Amino acid sequence: MRIVKSKRDLRALVSSWKADKQEVGVVMTMGALHEGHLSLVGAAKTDNDRVIATIFVNPKQFDNKADLDAYPVDTDADLKKLEDAGVDLVYLPQAEEVYPKGYSTTVAVGTMQDCLCGATRPGHMDGVTTVVSKLLIQTSPDRAYFGQKDFQQYLLIQRVASDLDLDVDVIGVPTVREGDHLALSSRNRRLSADQRAIAPTLYKVESTIADLIRQGEAVDHVLEWGRKVILDSGFDRIDYLEVRSEEDLELFSDVADRDNLLSGRIFVAAWLGNTRLIDNYPISR
Ligand code: AMP
């Protein structure tokens, strides 16, 4: 496995693969890798001749410095996991390589970004779409893999790739969960034992809401029930618990017709102490 830190070395290697007509897949991460990330690598390995993983904790997507400072870093363990998973190349740039002095361009999507995480984390989505655009241009892959765990991010990146005519397939990979259904996340490492026991409530609430909506219950009513269960279980605060279209994130309420509702997805973000967890779940499972 090659590890490169500069755009120049990255491009040289990718160009040599392309000259040999090899197809390239990329998986972008912020490190602190777990089985969720490795499932993206697995999908990329299946579809491509070569797989690139990037590790970059992108300062532009953190709206809160304390969250950035607390973000777990474990590069040696990450590199071992990527090597064992059969990654060909790891791109590990420093912040100055991605945002050199004078850097001043932002890639901002005009739709789907004012809601959910975009509404509660100012600047976050622009930070994500900017860095992903740059990494797509730098790695020039045939396919790029994103987790459906960050569903809004996945939709926005599809939009960017389409709008900017990037010649890449953006592929969404299903969420990997623990045995008790908690979605794997680098942030789970920060949970105390008590918080870890509370965290799977998000999945329980989402899956129950999906059942109830399928059975014909009113959306607003079940969401109100869900908010209460989440707070009663010990979560400190809810940023959102909503049902939205999985095509364009349009907000669904009781006026939406039932067929439409079945193509909806439940989205949740909630805080346990200083740790913010997110998840989403399709209504028609
Ligand atoms: P992150 O390092 O958290 O920025 O995530 C890097 C990529 O891994 C993103 O495309 C995430 O959506 C994806 N990812 C994170 N957690 C999971 C998970 N539990 N299952 C599947 N993909 C995930």
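A pocket is an open set of grid points with protein on both sides within 12 Å along at least five of seven lines. The legends below describe a predicted model.

**Figure 1. The second largest pocket of the predicted model holds about 210 Å³ of space.** Its lining is made of 16 residues. Nearest the centre of this pocket lie Ile55, Val57, Thr75, Leu92 and Pro93. Two helices, α4 (75-84) and α5 (95-98), each give at least two residues to the lining of the second largest pocket. Sorted by class, this lining has 10 nonpolar residues, three polar and three charged.

**Figure 2. The ligand sits in a shell of 17 residues.** Closest to the ligand are Met30, Gly147, Asp150, Val176 and Leu184. Which elements each supply at least two residues of the shell around the ligand? They are the strand β2 (24-29), the helix α2 (35-47) and the strand β5 (143-147). The largest share comes from α2, with three residues. Eight residues of the shell are nonpolar, seven are polar and two are charged.

**Figure 3. Oxygen atoms of the ligand lie 2.9 Å from polar atoms of Met30, His37 and Gly147.** At Met30, the partner of the ligand oxygen is a polar backbone atom. Gly147 likewise offers a polar backbone atom, with an oxygen atom of the ligand 2.9 Å away. At His37 the partner is an N or O atom in the side chain, and the distance to a ligand oxygen is 2.9 Å. How much of the ligand does the protein bury? Taken alone, the ligand exposes 480 Å², and the protein buries 92% of that.

**Figure 4. One cavity of 30 Å³ or more is found in a search of the whole structure.** A cavity is a set of points where a 1.4 Å probe fits but cannot get out. The volume of the largest cavity is about 70 Å³. It is lined by 14 residues, and the closest to its centre are Leu182, Ala183, Leu202, Ile278 and Asp279. The elements that give two or more residues to this lining are the helix α10 (201-214) and the strand β9 (275-282). The largest share, three residues, comes from β9. By class, the lining of the largest cavity has eight nonpolar, three polar and three charged residues.

**Figure 5. The whole chain has 12 helices and nine strands.** The radius of gyration of the chain is 19 Å, close to the 19 Å that the globule rule gives for 285 residues, so the chain is as compact as a globular protein of that length. The C-alpha trace of the chain spans about 55 × 40 × 40 Å along its principal axes.

Methods
Residues are numbered from 1 along each chain as its sequence is written. This is a predicted model: local features need pLDDT of at least 70, side-chain atom pairs count only at pLDDT 80 or more; totals for chains, interfaces and linings use all residues. Side-chain values use heavy atoms; hydrogens and water are left out. On a 1 Å grid over the protein atoms alone, a cavity is a set of points where a 1.4 Å probe fits but cannot get out, and a pocket is an open set with protein on both sides within 12 Å along at least five of seven lines; lining residues have an atom within 4 Å of a point. Grid points are joined across faces, edges and corners, and a volume is the space filled by probe spheres set on the points. Helices (H or I, at least four residues) and strands (E, at least two) are DSSP runs, numbered from the N terminus. Ala, Val, Leu, Ile, Met, Phe, Trp, Tyr, Cys and Pro count as nonpolar, Asp, Glu, Lys and Arg as charged, and the others, Gly among them, as polar. A residue is near a molecule or strand if one of its heavy atoms lies within 4 Å of it. A polar contact is a pair of N or O atoms within 3.5 Å; within protein, one must be able to donate a hydrogen and the other to accept it, and residues adjacent in sequence count only if both atoms are side-chain atoms. Accessible areas come from the Shrake-Rupley method with a 1.4 Å probe; for residues, only the protein chains shown count as cover. The radius of gyration is taken over C-alpha atoms; the globule rule is 2.2 Å times the number of residues to the power 0.38.
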